[in-house]
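Colleague: Could you take a close look at one part of this model for me, a helix pair? After that, I'd like to hear about the chain contact too.

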2 protein chains.
Amino acid sequence: MTLTRTTQELGVDAARLWDSLSTLGRIGAYPDEATGLTGVRRLALTDADRAGRDLVVDWFRAAGLEVRQDRIGNVFARRAGTEPGLAPVMVGSHIDSVATAGRFDGCLGVLGGLEVVRTLNDHGISTRRPVEVCFFTEEEGARFGTDMLGSAVAAGRIGLEEAYALTDRDGLSVGAELERLDQLGTTAVPMSTRPYAYFECHVEQGPILADNGRRIGVVTGVQAINWWEVTIEGRSAHAGTTPQRLRRNASLAAALITVRAEEMVDSGRWGALLSTVGRLEVRPNLVNIVPGAALLTVDLRNPDTAAMDRARADLRAYLTEVEERTGTRISVKETAHTAPVAFDPGMVDLVESTAERLGLSHERIISGAGHDAGEIAAVAPAGMIFIPGMYEGISHNPREYSTPEACEDGINVLLHCVLATSDQS
Amino acid sequence: MTLTRTTQELGVDAARLWDSLSTLGRIGAYPDEATGLTGVRRLALTDADRAGRDLVVDWFRAAGLEVRQDRIGNVFARRAGTEPGLAPVMVGSHIDSVATAGRFDGCLGVLGGLEVVRTLNDHGISTRRPVEVCFFTEEEGARFGTDMLGSAVAAGRIGLEEAYALTDRDGLSVGAELERLDQLGTTAVPMSTRPYAYFECHVEQGPILADNGRRIGVVTGVQAINWWEVTIEGRSAHAGTTPQRLRRNASLAAALITVRAEEMVDSGRWGALLSTVGRLEVRPNLVNIVPGAALLTVDLRNPDTAAMDRARADLRAYLTEVEERTGTRISVKETAHTAPVAFDPGMVDLVESTAERLGLSHERIISGAGHDAGEIAAVAPAGMIFIPGMYEGISHNPREYSTPEACEDGINVLLHCVLATSDQS
């Protein structure tokens, strides 16, 4: 009863949380031409990422946490509980970023977890279960092409050797970079002890909460994600003398696929499909030469498995049409394929009732982006808390912004979810 | 009469010509992945180009020619005539290449001119007019974005300072590279003495002669060429959470333009239009980010000025549609704009009658590619000789190939055109 009463009043230190977000955001900061703002570029397993990891681990230790690292570089920081042997309540996210990022994506969940621990320390609150704050390696997939990599390895969906072998565009491998940066931990993967519960607070990265004026998003699940790397082989030829009928134009093939991917979304025939061609490269990439080769990526998202499978099949079929029309050969490599995730109903209810109890307006929402919680959900009850972002929730962009108040709302919900579960036996 | 009789029998040394082409082709050679062949990469004003220039200049001097260089790096090698003060008969082309080239494009015209001089030397033939063999700087435009640069400066269409200021993708300028490679000559531009006649022998770089079984193409002119550098500004955003309606998708805009440029050709409504999107780049070029910026190039060719102008206007109008549909801003920089060229009728007749006299099957043809002859035609009577290429005349590709016999045919026509004009007073 004491604890329960305490938790009613308990709140995190919003200023301290904000200060931590700002300090971490200075690591990997760069002047962003497109926006004129200062962005964050902390791609996984780069020197900048290493510097960010060191800072956060120092903060973990300063908060009295016992830090360990697993063999894919994920970091776990434990606050002991009063009852030895009980599985921990885990709180986490990631601190790696895309090449043009803001300060909140992932970092809010990790530094929010740290703020939860700092708050427990401030008030001398002990919990029955251990509380662990963690961050996972290469959640973005922006460098090695597979997102949620660290949490997927921790949860056992992706094998360690497969993960080590992934390479970036310069041919550098995950394994080699982990070693270079001294991030090869000894803790076994997949994780041996399943957490009792896993919570992740994250910026929505979308416009819905702001549009509806909600302060908290109760995340019910994550939509399916499918990534393709599409390689197009044509034939380079002289732009001024090669009749169109004799061309095997790789840039035309790439363009046709890009337009079709967009039109599929517009048609609505594949449910709430989202599609994006984010990478697009042609060779030799010269003004007066018909490109002989092209590479592009397709990012497909869909909350509905059946609609997603139809979209994939139909886009595949279109690639054959493009081959025939352009005389090129097209091959597809799937670099990511995650099924939609439905979070544990009890966890969803807990997030919802906690927001309600704290007097924060809320609604249930499905996540448009992939998150580490979606991987951990395979081995433990997982729940997610969203907070609204400004500017239509723009993310993966230096304009990404959530107010100090919004961050405080989310981490207060996180705090009370942790308190509620860490005292269950 | 003596000379005339001599010329009836006179022929070049095909083996020596072929050997020169092969030797020059080894400079800048690289293993081409796409074809499995050895290609040539000798972009203008690179170290490889400098090495090629040195080799050819050594050959010029060994043939007894007096070499001079102008302020844009064009090289002129003179064989004195018997009547001082008469304007020279000029033979030339270029030795710079695109990034994925064969051994013939340009080099045939330059080394063919050298072979003409060597043949005159072998037979102790003197001419009334000087004979000059020359090569021009950056004909391809593949590095600095403006093709026929050296000949355009020599002919006065492009100013020297404008040419010096052109930069490659690394920001290196024509002026700085000319200086670095010690290719800044002292001969004034535009050329002070107009040649009496200018001849250029070149591979067709197209399928027509081979399809029709002709040994010589009598070039009547060059089609108009128009290059655009199209910059697209959108907004980068999260691929998984940003609804299509809120996107400003630069890769979509680039794809729409690429598809339209192709469809314009298919429709036939713009005459014998050719169009190519050869460069295509997006930023930040990551799988899970809607591209916020894109750059592409459009290469338009048309033998008819009116049809070309209509095509340019209609494509411009379409860019506005694309801006509205995608919410992007699109700007266009014209990096090349040459009008169609009609060669001097007397020169065309001379090439034709010479081919006829030598018993070589021939037809009149318009050039699909731009050539230095098209620039020199503005200041002197110019004529061109085409020879067929294999594999549908593929060029700007390591598969580019013309047989030793075809090269011999073309250079024999060149030889006799030079003889015919160099003895006119």
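Modeller: Sure. In this predicted model, α2(A) passes α4(A) in a right-handed crossing. The residues touching there are Arg16(A), Leu17(A), Ser20(A), Leu21(A) and Leu24(A) on the α2(A) side, and Cys107(A), Leu108(A), Leu111(A), Gly112(A), Glu115(A), Arg118(A), Thr119(A) and Asp122(A) on the α4(A) side. Sort the residues of that contact by type and you get six nonpolar, three polar and four charged. As for the geometry, α2 spans residues 14–25 of chain A and α4 spans residues 107–122 of chain A. Their axes come within 10 Å and cross at roughly 140°. Angles over 145 degrees would count as roughly antiparallel, so α2(A) and α4(A) are oblique to each other.

Now for the chain contact. Chain B puts 67 residues into it, and chain A puts in 67 residues as well. The area buried between the two chains is about 5500 Å², and carbon and sulfur atoms give 56% of that. If you want names on the chain B side, go for His238(B), Gln244(B) and Val287(B): they supply 12% of the area that chain B buries against chain A, more than any other three residues. There's charge pairing too, with four salt bridges found across the interface of chain B and chain A. For a salt bridge between side chains to look at, try Arg235(A) with Glu392(B), at 3.3 Å from N to O.

Terms used
Residues are numbered from 1 along each chain as its sequence is written. Chains are lettered from A and ligands numbered from 1 in the order in which they are written. This is a predicted model: local features need pLDDT of at least 70, side-chain atom pairs count only at pLDDT 80 or more; totals for chains, interfaces and linings use all residues. Side-chain values use heavy atoms; hydrogens and water are left out. Axes are lines fitted to C-alpha atoms, for helices over the stretch in contact, and angles run from 0 to 180 degrees between N-to-C directions. Helices (H or I, at least four residues) and strands (E, at least two) are DSSP runs, numbered from the N terminus. Angles under 35 degrees count as roughly parallel, over 145 as roughly antiparallel, 65 to 115 as roughly perpendicular and the rest as oblique. A crossing is left-handed if the near helix is turned anticlockwise from the far one by less than a right angle, and right-handed if clockwise. Contact means heavy atoms within 4.5 Å. Ala, Val, Leu, Ile, Met, Phe, Trp, Tyr, Cys and Pro count as nonpolar, Asp, Glu, Lys and Arg as charged, and the others, Gly among them, as polar. Buried area is the accessible area (1.4 Å probe) that two parts lose on being put together, summed over both.
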